[in-house]
Amino acid sequence: MAKRQNSHLPLRDALSEFIKENRLQKGMDKVDARDAWAKLMGNGVNNYTTAVELRNETLYVSLSSSVLREELSLGKSKIITMLNEELGKELVKKLVLR
């Protein structure tokens, strides 16, 4: 466990230090990717989204509508760009719609 610091530290900095020390960034990236998908796609797509999972720079999205899956597959590169802009870093390199 890390030594206790006596200096006052903003909560944001303390949390980011905790995440870094305990190597939790991968898990945080998974949660952030799921939230970014929900935010960018809106209610129309989210109603048909059953699962969103980030594994090894690939975002796997399970959809219950085959028609929607085809429509979204036409704009994969744009969706990837929008997700990475929302996340603030190059996290998603590939999008798999299933």
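Which element gives the largest share of the lining of the second largest pocket? That would be α2, with 3 residues. Bear in mind that what you have in front of you is a predicted model. Here's a quick tour of the fold, the core, the pocket and one residue out on the chain's early segment.

**Overall fold**
- You're looking at 4 helices and 3 strands, and they run α-α-β-β-α-α-β along the sequence.
- The protein is more spread out than a compact globule, because its radius of gyration is 17 Å, well over the 13 Å that the globule rule gives for 98 residues.
- The C-alpha trace spans about 55 × 25 × 20 Å along the principal axes.
- Of the 98 residues, 28% are buried.
- If you take the contacts with a separation of 6 or more, 52% of them link residues 24 or more positions apart.

**The largest nonpolar core**
- As background, nonpolar side chains in soluble globular proteins tend to be buried together.
- In this model, the largest nonpolar core has 20 residues, and the members touching the most others are Trp 37, Leu 59, Val 61, Leu 72, Ile 79, Leu 95 and Leu 97.
- Two or more residues of this core come from each of α2, β1, β2 (58-63), α3 (66-73), α4 (76-87) and β3 (94-97).
- Here too α2 is the one to watch, as the largest share of the core, 5 residues, belongs to α2.
- Want a single residue to click on? Try Leu 59: leaving aside residues up to four places away in sequence, Leu 59 touches Ala 33, Trp 37, Val 52, Glu 53, Leu 54, Leu 83, Val 92, Lys 94, Leu 95 and Val 96.

**The second largest pocket**
- This pocket holds about 170 Å³ of space.
- Its lining is made up of Lys 26, Asp 29, Lys 30, Leu 54, Arg 55, Asn 56, Glu 57 and Leu 91.
- The elements giving two or more residues to that lining are α2 (25-46) and β1 (49-55).
- Sorted by class, the lining comes out as 5 charged, 2 nonpolar and 1 polar.
- Leu 54 turns up twice in this tour, as a pocket-lining residue and as a contact of Leu 59.

**Out at His 8**
- Look for His 8 in the segment before α1 (11-21).
- Is His 8 buried or exposed? His 8 is exposed, with a relative accessible area of 81%.
- Between the C-alpha atoms of His 8 and Tyr 48 there are 46 Å, and the two residues sit 40 residues apart along the chain.

Conventions: Residues numbered from 1 in each chain as written. Predicted model: local features only at pLDDT ≥ 70, side-chain atom pairs only at ≥ 80, totals over all residues. Heavy atoms only, no water. 1 Å grid on protein atoms, 1.4 Å probe; cavity = no way out; pocket = protein on both sides within 12 Å on 5 of 7 lines; lining within 4 Å. Points joined across faces, edges and corners; volume = space filled by probe spheres on them. Nonpolar A, V, L, I, M, F, W, Y, C, P; charged D, E, K, R; others polar. Core = buried A, V, L, I, M, F, W, Y, C linked by side-chain atoms within 4.5 Å. Buried < 20%, exposed > 50% of the residue type's maximum accessible area, 1.4 Å probe, protein only. Contact = heavy atoms within 4.5 Å. Rg over C-alpha atoms; globule rule 2.2 N^0.38 Å.
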